[in-house]
Amino acid sequence: MKMIIVKDDLEGAKLGLKIIKESLEKDALKTIGLATGSTPVSLYNLLRESDLDFSNTVSVNLDEYVGLSGDHPQSYRYFMETHLFEAKPFKKSYVPNGIADDLNKECADYEKIIEENPVNLQVLGIGANGHIGFNEPGASFDSVTRVVDLVPETIEANSRFFKSIHEVPKKAISMGIKTILKSDKIVIFAYGTNKASAIKKMLENDITEEVPATILKKHSDVTVIVDEDAATLLNQ
Ligand code: PGA
């Protein structure tokens, strides 16, 4: 893993933009994997303002809440439309449908979409509990896209976006860990002291399903971009 410590999320976003730009120029970046949450907001701000052209790039998002339609303001489809896609259209943008009648079929179809559009570059955040996507502690490293239960600490962490914690969905559709690992290149971002413990575990612990992000050590091309706060617990 290549680790880069930056001053803050704007510096992290600038690096992310550079990596995406290089990927577009060198490898045509056919498919990019995208994430939601607070972490990628600074990157999406820069992408929106950039002159990068994604009209030949497909995007696939990591996850979506079960039970929220794409026009629900807290759905990840809505997040992506407002933070990125409206200003910067892609050739095609896939986000799982959290209100599909048959969720298992939706998951299988989504996995097929990723098989047909292998991800060249995956943007990731990390949960304070070490989750990637919505692959919570204990998720199998062999997992593919499926319906998952969110753990109480994730529901609590994400309640900041909802009027009350009771409105936070308890299930989501998430790309699996095996799915994520198929990406050619992964860039994982983490900002703030509340991510410091997860970053320390990811980099310094043995690989364990109890800390899903530890599996990234097995991938051959991972760049970790953290700010100084998220790096505070690392042994240097
Ligand atoms: P955050 O979420 O960017 O909102 O902190 C990251 C994650 O849970 O993966």
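Me: A residue is near a molecule if one of its heavy atoms lies within 4 Å of it; which residues surround the ligand here?

Reply: This is a predicted model, where local features need pLDDT of at least 70 and side-chain atom pairs pLDDT 80 or more, while totals for chains, interfaces and linings use all residues. Residues are numbered from 1 along each chain as its sequence is written, and side-chain values use heavy atoms, without hydrogens and water. Around the ligand you will find Gly37, Ser38, Thr39, Gly125, Ile126, Gly127, His131, Arg160 and Lys195. That shell comprises one nonpolar, six polar (Gly counts here) and two charged residues.

Me: Which polar contacts should I look at?

Reply: Look for N or O atoms paired within 3.5 Å. A ligand oxygen lies 2.6 Å from a side-chain N or O atom of Lys195. For Arg160, the side-chain distance is 2.9 Å, and a polar backbone atom of Ser38 is also 2.9 Å from a ligand oxygen. Alone, the ligand exposes 280 Å² (Shrake-Rupley, 1.4 Å probe), and the protein buries 84% of that.

Me: How many aromatic pairs are there?

Reply: Pairs need ring centres within 6.5 Å, and planes under 30 degrees apart count as stacked. The structure holds eight. One of them, Phe54 with Phe90, is stacked, at 4.5 Å centre to centre and 10° between the planes. These two residues are 36 residues apart and link distant parts of the chain.

How values were computed. Near = heavy atom within 4 Å. Polar contact = N/O pair within 3.5 Å; in protein donor to acceptor, adjacent residues only side chain to side chain. Phe/Tyr/Trp six-rings, centres within 6.5 Å; stacked < 30°, edge-to-face > 60°. Helix = DSSP H or I, 4+ residues; strand = E, 2+ residues; numbered from the N terminus.
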